[in-house]
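Please look over the sequence and the structure shown here before reading on. The paragraphs that follow lead through them part by part.

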Amino acid sequence: MGKVTGFLEFERTAPLKQDAKERLSHYNEFVKAFEKEEINREAARCMDCGVPFCQSGCPLGNVIPEFNDAVYQGDWELASTILLSTNNFPEFTGRICPAPCESACVLGINKSPVSIEEIEKHIIEIAFAKGYIKAEQPLIRTGKKIAVIGSGPAGLAAAAQLNKAGHEVTVYERDDTPGGLLNYGIPDFKLQKDVVARRIDLMEKEGIIFKCNANVGVNVELNTILRDFQSIVLAGGSTIARDLNLPGRDAKGVYVAMDFLKQQNKRVRNIPFEQEPIMATGKDVIVIGGGDTGSDCVGTSNRHGARSVMQFEIMPMPASARTNNMPWPTYPMLLKVTSSHEEGCERAWGVNTKEFLKDADGNLRALRVVDVEWEIDPSGRPLNFTEKPETERELPAQLVLLAMGFLHPQKEGLLEKLGVELDARGNVKAEEGKYQTNIAKIFAAGDMRRGQSLVVWAISEGRETARKVDEYLMGESKLSCKDGIPFA
Ligand code: FAD
């Protein structure tokens, strides 16, 4: 433990952010790094609890008190070794994780939790800067070949671990660049794409082969993959967006969020795209869906120079502090104010959309909405809603972005041709902890298996799946896993 009285002496600090007005003029990250003393103080706040709830709160089982101590001692090499023993990509989670570890931090019971996510980001960035992160080829190759389909965080984590075990790994990606939603989806201002490219470059140097523009089941023959590889990991994500099929849905100006966000990722890097450009410039924008994807649409719309930005959510407004139904150390579903909200956005809860209204040329001109009242059960769960009388109204909008989550993976092509079983929600059926599908040599990880989730869960599933594939091919595995010895 770094400093025994650290948690009593120091308050939580957050690194400075560029002023909201300034950051709207670009698409780069805008959170500044901590000064040396600040990061040292933040690490000193860790109490090194006998039972580190932060560690079990993290889907990766990150060994948090130990790396906090190493940071406090200024031993960045040790800190990065500890961090990388459970997390292949702390540079991603250190930027965009909702940090369930911090919700489980014991300090959080009556004080602000330790800034674990920020510490994680500093450890990995300092490790890169000091040259501790080097491409490491495995000493022995097993001669076994594995295809990973999908290059999001789940596929990347599975590939990294399987390569470590000495297998020959080829990652197939249907997009032009690897990274999945890290690359196309999550805005550049949350996660700059040079950070993703730096990791892919390292993985290539470690011997992993990436094949882009390779849509397995479409322009890459499935039979070839089945013939050439001893095992396959399906990590294709959950890509079918929930739509809102109301009258007027065909109005020009209504888009699913991913079309808007992916285009912007491409625009930032001057990558051409075929679809018509979707711009928020000078428009009244309404984002339907109150989650992270919606918030990313808000930040992007403001950077485009929208006239006004509104974000709706049909559910009631969440509590701003823990309630009896969300006791510590569970992950609480609290009201979230993101950096994109800080940049300017009107938010509304309990609003239901009834119709997209068009002008004579078929362009969207407004939304017809109504306020709703929710019946809530004693555990705090919303049950059903009724419309509030006399609240129906029209709201002007020339651009509506649908950000209401994702239903399941795409079935046509890859999954249908493979004939893997799906679960009741339409995700690939593979038991948690085993990750094996109904076809013995095929495994599944990440959003394609668990449904729409988080980067940290995708990395966790990729790692755990790699271990199961390794066991399947070799009879045993020395790859570390959540329940194993983290330093192995
Ligand atoms: P994905 O990242 O979806 O990657 C799947 C990849 O598989 C894609 O590149 C796809 O092109 C490829 N693929 C699919 N089928 C084929 C095929 N047949 N052949 C070849 N390639 C194929 N989570 C967070 O933790 N923090 C955030 O801030 C956050 N923000 C988000 C913002 C947005 C806009 C969205 C949509 C999600 C966000 N998430 C966030 C969720 C997170 O990005 C996902 O949970 C995570 O990326 C899932 O990883 P994955 O590897 O399972 O799938």
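**The ligand, the domains and some local features**

A nitrogen atom of the ligand has a backbone N or O atom of V216 at a distance of 3.0 Å. The model in which this distance was computed is a predicted one. Two further backbone distances involve oxygen atoms of the ligand. In A154, a backbone N or O atom is 2.9 Å from a ligand oxygen. In P153, a polar backbone atom is 3.2 Å from an oxygen atom of the ligand. In total, 35 residues surround the ligand. The closest of these are I96, A154, E173, K190 and D447.

The next step is to see how the chain is divided. According to the domain assignment, domain 1 covers residues 6–129. Domain 2 is made of two stretches, 145–239 and 407–474, and domain 3 covers 243–404.

Now consider how domain 1 and domain 2 meet. Their centres, taken over C-alpha atoms, are separated by 28 Å. How many residues of each domain are in contact with the other? Domain 1 contributes 22 residues and domain 2 contributes 26. About 2200 Å² of area is buried between these two domains, and carbon and sulfur atoms give 68% of it. Within the area that domain 1 buries against domain 2, F89, F92 and I96 supply 29%, more than any other three residues. I96 has already appeared in this text, as one of the residues closest to the ligand.

The interface of domain 1 and domain 2 also has polar and charged pairs. Between the two domains there are 2 salt bridges. The side chains of R199 and E91 form a salt bridge, with 2.6 Å from N to O. The rule for polar contacts finds 10 residue pairs across the interface of domain 1 and domain 2. On the side of domain 1 that touches domain 2, helices α7 (90–96) and α9 (116–129) each supply at least two residues. Which element gives the largest share of that side? The answer is α7, with 5 residues. Sorted by type, the residues on this side of domain 1 are 12 nonpolar, 6 polar and 4 charged.

Two places in the backbone deserve a look. A99 is a residue other than glycine, and its phi has a positive value, near 55°. A99 sits in the loop between α7 and α8 (100–103). The second place is the peptide bond that joins W328 and P329, which is cis, with omega about 5°. P329 belongs to the loop between β8 (308–313) and α15 (339–342).

Last come the salt bridges of the structure as a whole. A search of the whole structure finds 37 of them. One salt bridge pairs E432 with R450, and their closest N and O atoms are 4.0 Å apart. This pair links distant parts of the chain, with its two residues 18 residues apart. E432 is in the loop between α16 (414–418) and β16 (442–444), whereas R450 is in helix α17, residues 447–450.

Key: Residues numbered from 1 in each chain as written. Predicted model: local features only at pLDDT ≥ 70, side-chain atom pairs only at ≥ 80, totals over all residues. Heavy atoms only, no water. Domains from an automatic or database assignment. Contact = heavy atoms within 4.5 Å. Buried area = accessible area lost by both parts, 1.4 Å probe. Polar contact = N/O pair within 3.5 Å; in protein donor to acceptor, adjacent residues only side chain to side chain. Helix = DSSP H or I, 4+ residues; strand = E, 2+ residues; numbered from the N terminus. Nonpolar A, V, L, I, M, F, W, Y, C, P; charged D, E, K, R; others polar. Near = heavy atom within 4 Å.
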